[in-house]
Amino acid sequence: MAQREHFSNKLGFMLAAAGSAVGLGAIWKFPYMAGSNGGSAFIILFILCMILISLPVLIAEFMIGRRGQADAITSFKQQAPGTPWYLVGYLGTITSALILSFYSVVGGWILSYLVRALLFQLKSTESTSYDTLFQSIIQNPWEMIIAQGAFFLITIFIVQAGIKSGIEKASKIIMPALFIFFVILAIRSLTLPGAMEGVRFMFVPDFSKITGETVLLALGQAFFTLSVGISIMITYASYLGKNENIAGTGVNVALMNVFISILAGLVIFPAVFALGFKTDEGPGLVFVILPAVFEQIPLGNFFLIIFFILLLFATLTSAMSLLEMVVSVVVKDRPKRRVRVTWLLGLFIFMIGIPSALSEGVLSHIRIGSQSIFGFMEFLTNNIGMPIGALLISLFVGYYYTTNESKTELQTKPFFYTMWIVSIRFLAPIAILIIFIAGIFF
Ligand code: PFF
């Protein structure tokens with residue numbers, strides 16, 4: 001059997017895991033979810049859900065992966081032979097493919113914006129506001145399919161190169177660059193006249209805004225943003241040597257994610273208030289606000305281009321992890337197949353994603369329940385695939401592993417272990433069951 005590739009060091013793994021986690025969830029979804037669901041109330045709940053539920057499940061996935069040293073399905077088969085636990089790996093694989101099918105649509109939006117910025121065409125005029133511009137872009141069928149296809153091509157190219165040369169190298173550059181750029185942008189946004197209203201919106205708690213629905217959405221966001229519940233982090237951790245500190249890595253990844261989410265909020269909300277936009281703009285929020293903020297900056301178009309390049313990379317590192325998950329299941333320990341499998345699966349998922357790409361335009365009349373195709377895919381993965389996966393993973397590590405096994409795997413201080421095991425055995429499963437049931441019936 002070929003020697004299994006490993007990340008070259010702890011930093012490489014952390015950046016790759018953070019690369020999967022930090023993406024559209026933090027930069028695109030977090031601001032619009034917070035904007036439409038009470039600002040500070042949502043943010044507080046989101047942070048609580050991260051610490052109490054999503055982070056413990058992330059650590060559980062790391063444990064399964066490092067112990068298994070194989071793709072998610074094989075890891076479950078080895079650790080629970082003769083039981084159906086390996087189906088969790090299949091569920092994760094299907095959910096990953098479905099997420100990628102609509103995630104790539106937003107990847108396509110970014111590419112469209114980037115090309116327009118490069119052509120100096122990303123400007124509002126008297127008759128076209130940024131809002132109208134956004135709508136006209138996402139309703140144009142050919143542009144959407146070509147942009148989504150281009151996004152897939154880039155993702156496939158990186159994933160076929162394999163774990164170390166592709167994923168790790170890319171993440172090492174992108175994450176720090178993204179961070180620095182966000183700090184600069186946040187400073188610009190915060191110094192606009194009237195910006196403090198946006199800061200108040202984010203940080204002055206208004207508990208009257210907390211409803212059952214906000215709790216559910218915050219928990220869903222905490223899962224999505226950390227990429228947990230679909231065995232991706234099992235797959236990544238399987239490339240990890242036995243001596244890495246997984247608890248510490250998990251905490252760092254979660255911290256980085258909260259940090260980038262809050263930074264994205266600090267770029268968006270001060271500008272929303274200063275420039276007179278609405279917070280509940282929905283999925284277009286970032287695409288409508290950012291060009292308007294850059295207009296306020298000298299050399300704005302140039303910075304806008306750099307920004308979209310960074311956003312594209314952050315999105316790619318997450319998309320890569322989604323494709324890697326599916327590819328690793330098929331490639332198993334036969335790396336020779338990797339290139340062919342990556343192309344075939346990439347093209348297949350692209351085709352599944354086309355209806356989502358068209359769902360805001362020519363296919364907008366198709367509704368599943370009250371949702372568009374894009375919305376339905378999001379619902380299916382966020383409200384069904386991810387919670388079921390996360391629930392089963394927490395039950396597996398919480399109850400199938402003996403206390404001794406989980407202690408040995410986690411190798412951490414007793415206090416941290418107690419916190420983690422309480423969450424993984426009780427808090428996480430109960431909370432997930434509640435969101436799962438509520439997410440389906442309300
Ligand atoms: N965590 C990614 C983001 O926030 O953009 C999205 C994602 C990637 C979700 C990978 C799930 C996943 F397995």
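Start by selecting Ser231: this residue is buried, because 31 other C-beta atoms lie within 10 Å of its own. You will find Ser231 in the loop between α10 and α11 (232-237). Colour the backbone by phi if your viewer allows, and Ser231 shows a positive value near 65°, in a residue other than glycine. That is worth a pause, since most residues other than glycine have a negative phi.

Before moving on, a word on what you are looking at. This is a predicted model. The protein has a mean pLDDT of 88, with 94% of its residues at 70 or more. For the complex, the predictor reports an ipTM of 0.97 and a pTM of 0.91. If you colour by confidence, look for two helices: α5 has the highest mean pLDDT among the elements of the protein, 96, while helix α8 (residues 163-190) has the lowest, 78.

**Next stop: the ligand**

Select the ligand and show the residues around it. The shell holds 16 residues, and Gly23, Gly25, Ser227, Ile232 and Ser318 are the closest. Which helices each supply at least two residues of this shell? They are α1 (10-21), α2 (24-36), α5 (87-118), α10 (212-226) and α14 (300-331). Now colour the shell by residue type: you should get 8 nonpolar residues, 8 polar ones and no charged ones.

**Along α1**

Stay with α1 and pick Gly19, which sits in this helix. Is Gly19 buried or exposed? Gly19 is buried, because 28 other C-beta atoms lie within 10 Å, and 20 or more are enough to count as buried. Now add Leu226 to the selection and draw a C-alpha to C-alpha distance: the two residues are 9.9 Å apart in space, though 207 residues separate them in sequence.

**Two helices from the shell**

Select α5 next. Its 32 residues reach 46 Å from the first C-alpha to the last, close to the 46 Å expected at 1.5 Å a residue. Helix α5 is mostly covered, with 25 of its 32 residues buried. Step just past the end of α5 to Phe120, which takes a positive phi of about 55°.

Then move to α14. The end C-alpha atoms of α14 are 45 Å apart, which agrees with the 46 Å that its 32 residues should span at 1.5 Å a residue. Of those 32 residues, 23 are buried, so α14 is largely enclosed by the rest of the structure. Just after α14 comes Lys332, with a positive phi of about 50°.

**Into the core**

Hide the ligand and show nonpolar side chains. The largest nonpolar core has 157 residues, and Leu58, Leu219 and Ile289 have the most contacts inside it. Helix α12 (residues 246-274) gives the largest share of this core, 18 residues. Centre on Ile289: leaving aside residues up to four places away in sequence, Ile289 touches Ile268, Ala271, Val272 and Phe277.

**Last stop: Gln411**

Finish at Gln411, in the loop between α17 (403-410) and α18 (414-441). Its phi is near 45°, a positive value in a residue other than glycine. How many C-beta neighbours does Gln411 have inside 10 Å? There are 14, so Gln411 counts as partly exposed, whereas Ser231, where the tour began, is buried.

Note on methods. Residues numbered from 1 in each chain as written. Predicted model: local features only at pLDDT ≥ 70, side-chain atom pairs only at ≥ 80, totals over all residues. Core = buried A, V, L, I, M, F, W, Y, C linked by C-beta atoms within 7 Å. Buried ≥ 20, exposed ≤ 12 C-beta atoms within 10 Å, placed from the backbone. Helix = DSSP H or I, 4+ residues; strand = E, 2+ residues; numbered from the N terminus. Contact = placed C-beta atoms within 7 Å. Near = placed C-beta within 6 Å. Nonpolar A, V, L, I, M, F, W, Y, C, P; charged D, E, K, R; others polar. Expected span 1.5 Å × (residues − 1). pLDDT = per-residue confidence, 0-100.
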